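Please open the structure in your viewer and keep the selection panel handy. We will go from one stop to the next, with a note on what to select at each.

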Amino acid sequence: MVPSSSSLSSPIVYALTLFVSLSFLLLFAPQILPLGKHRQVPISAQDELDDLHLFREAITAASSRGGSSKVSHLGTINPKPKIAFLFLTNSDLVFAPLWERFFESNDGLFNVYIHADPSTKLNPLQWSIKANFIASRRTARASPTLISAARRLLANAIIDDPFNLYFALVSQHCIPLHSFKYVYTSLLGNPSSATKAFLTPRSHQSYIEILSDAPYLHNRYVARGDGMMVPEIPYDEFRVGSQFFVLAKRHALLVLKERKLWKKFKLPCLDLESCYPEEHYFPTLLSMEDPKGSSHYTLTRVNWTDSVDGHPHTYHSLEISPELIHTLRESNSSYSYFFARKFSPDCLKPLMGIAKDVIFRD
């Protein structure tokens, strides 16, 4: 008997259906399924458009306030440059009391901006100082959403205050290791003579870790698949580093203007174990655009000696001591470390106990 055409076509249809289904899963699973230890959160087209509008507003604001026009526009006779502290968080800010002690008696020399994941329940009474809670979007670890969040923080800080000259990105798990005066003077000089520094921003360096020889460099480069980063980002120009940084204003604006590299870094990863775009985008961009304008080291101390699942060592209350603070400050670079992470909530009480006599005595 000759098989009917319908009986022949059934296995072919089933095979084609299976092939198409598998292809769909391979292409889109990293975006919609919690594979591995991370889950990638896609960035919607509307969020992307909103961000572009925000970035353009910040760039326009910065260009329209250039030079001496900043002083005349605000009617300020003797403006002082400021440091913008950018808190990127997906949980409550339990160390707010310690940071408030850090900022104490330094009004007019800093601003605080907070990007909190919309699912985060923040205590609105935590900050007694003025804090700017910006319009936020969903974030997820090891995803380009953290890049977007950092860029939103930079844009809002630039729009809000033209005197913001440095931008320090920190997390809810970060603590200060020095007094505000120490940090400010290290970056901008003595506040009484800081106006000169404000008028010559080109001289300011950014502080961000930039590594070209990390043992995991290749795996992270091909996390989206072989050849996916070229031609925009050749392998020999790909860099890795710390998620947290202190950027000078000219580099903050460079980040907001950039489009080409972002198209690559927002692509979904296939190897989720090697996908940490928030640790790759900023070091790669600054290394490609202005390698001599950055220190290539971070000012945030992190202990990776016993990391778990990509997380650094988390300090707990029994580890807090004056000796720990002094050890965390130690650095082989030009400056002592300014900040440190990662600390559990139970560290707040012992840290407050040594704040006056140890942390802020430098």
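This tour starts with the whole chain and then visits pockets, strands, a helix and a single residue.

**The whole chain**

Keep in mind that you are looking at a predicted model. Colour it by secondary structure: the chain has 13 helices and ten strands. Switch on the surface next, and you will see an exposed area of about 17300 Å², with 58% of it supplied by carbon and sulfur atoms. Of the 362 residues in the chain, 52% are buried. If you display contacts with a separation of 6 or more, 81% of them are between residues 24 or more positions apart.

**The largest pocket**

For the next stop, select Q243, E279, W304, G310 and R341. The largest pocket holds about 860 Å³ of space, and of the 35 residues that line the pocket, these five are the closest to its centre. Which elements give two or more residues to this lining? They are β1 (82-89), α8 (217-221) and β9 (300-302). The largest share, three residues, comes from β9. Colour the lining by class and you will find eleven nonpolar, 15 polar and nine charged residues.

**A three-stranded sheet**

Stay with β9 and add its neighbours. In what order do the strands of this open sheet lie? The order is β5-β10-β9, and the pairing is mixed. Strands β5 (175-176) and β9 are at the edges, each pairing on one side only. Now zoom in on β9 and β10 (residues 339-341): these two strands run parallel and are joined by three bridges. To see one such pairing, select V302 and its bridge partner in β10, R341. You have already met R341, as one of the residues closest to the centre of the largest pocket.

**The cavity**

Next, select E48, D51, L52, F55, S148, R151, E258, R259 and W262, which line the largest cavity. Two elements, α2 (45-64) and α5 (145-160), give two or more residues to this lining. Helix α2 gives the most, with four residues. The space inside is about 50 Å³, and this is the one cavity of 30 Å³ or more in the structure. By class, the lining has five charged residues, three nonpolar and one polar.

**Helix α11**

Show residues 281-289 as sticks. Is helix α11 largely enclosed or largely open? Seven of its nine residues are buried, so the helix is largely enclosed by the rest of the structure. The buried ones are Y281, F282, P283, T284, L285, L286 and S287. To see what covers them, add elements including α5, β6 (206-209), β7 (246-248), α9 (249-257), α10 (260-265) and β8 (294-296). Helix α5 is familiar from the cavity lining.

**R224, a charged residue inside**

For the last stop, select R224, in the loop between α8 and β7. Is R224 buried or exposed? It is buried, because its relative accessible area is 4%, and the cut-off for buried is under 20%. Now show what surrounds R224: leaving aside residues up to four places away in sequence, R224 touches M229, K264, F265, L267, P268, C269, L270, C275 and P277. Finally, draw a distance between the C-alpha atoms of R224 and D271: these residues are 47 apart along the chain, yet the two atoms are separated by 6.7 Å.

Terms used. Residues numbered from 1 in each chain as written. Predicted model: local features only at pLDDT ≥ 70, side-chain atom pairs only at ≥ 80, totals over all residues. Heavy atoms only, no water. 1 Å grid on protein atoms, 1.4 Å probe; cavity = no way out; pocket = protein on both sides within 12 Å on 5 of 7 lines; lining within 4 Å. Points joined across faces, edges and corners; volume = space filled by probe spheres on them. Nonpolar A, V, L, I, M, F, W, Y, C, P; charged D, E, K, R; others polar. Buried < 20%, exposed > 50% of the residue type's maximum accessible area, 1.4 Å probe, protein only. Contact = heavy atoms within 4.5 Å. Areas by Shrake-Rupley, 256 points an atom, 1.4 Å probe, with all protein chains shown as cover. Pairing = 2+ DSSP bridges.
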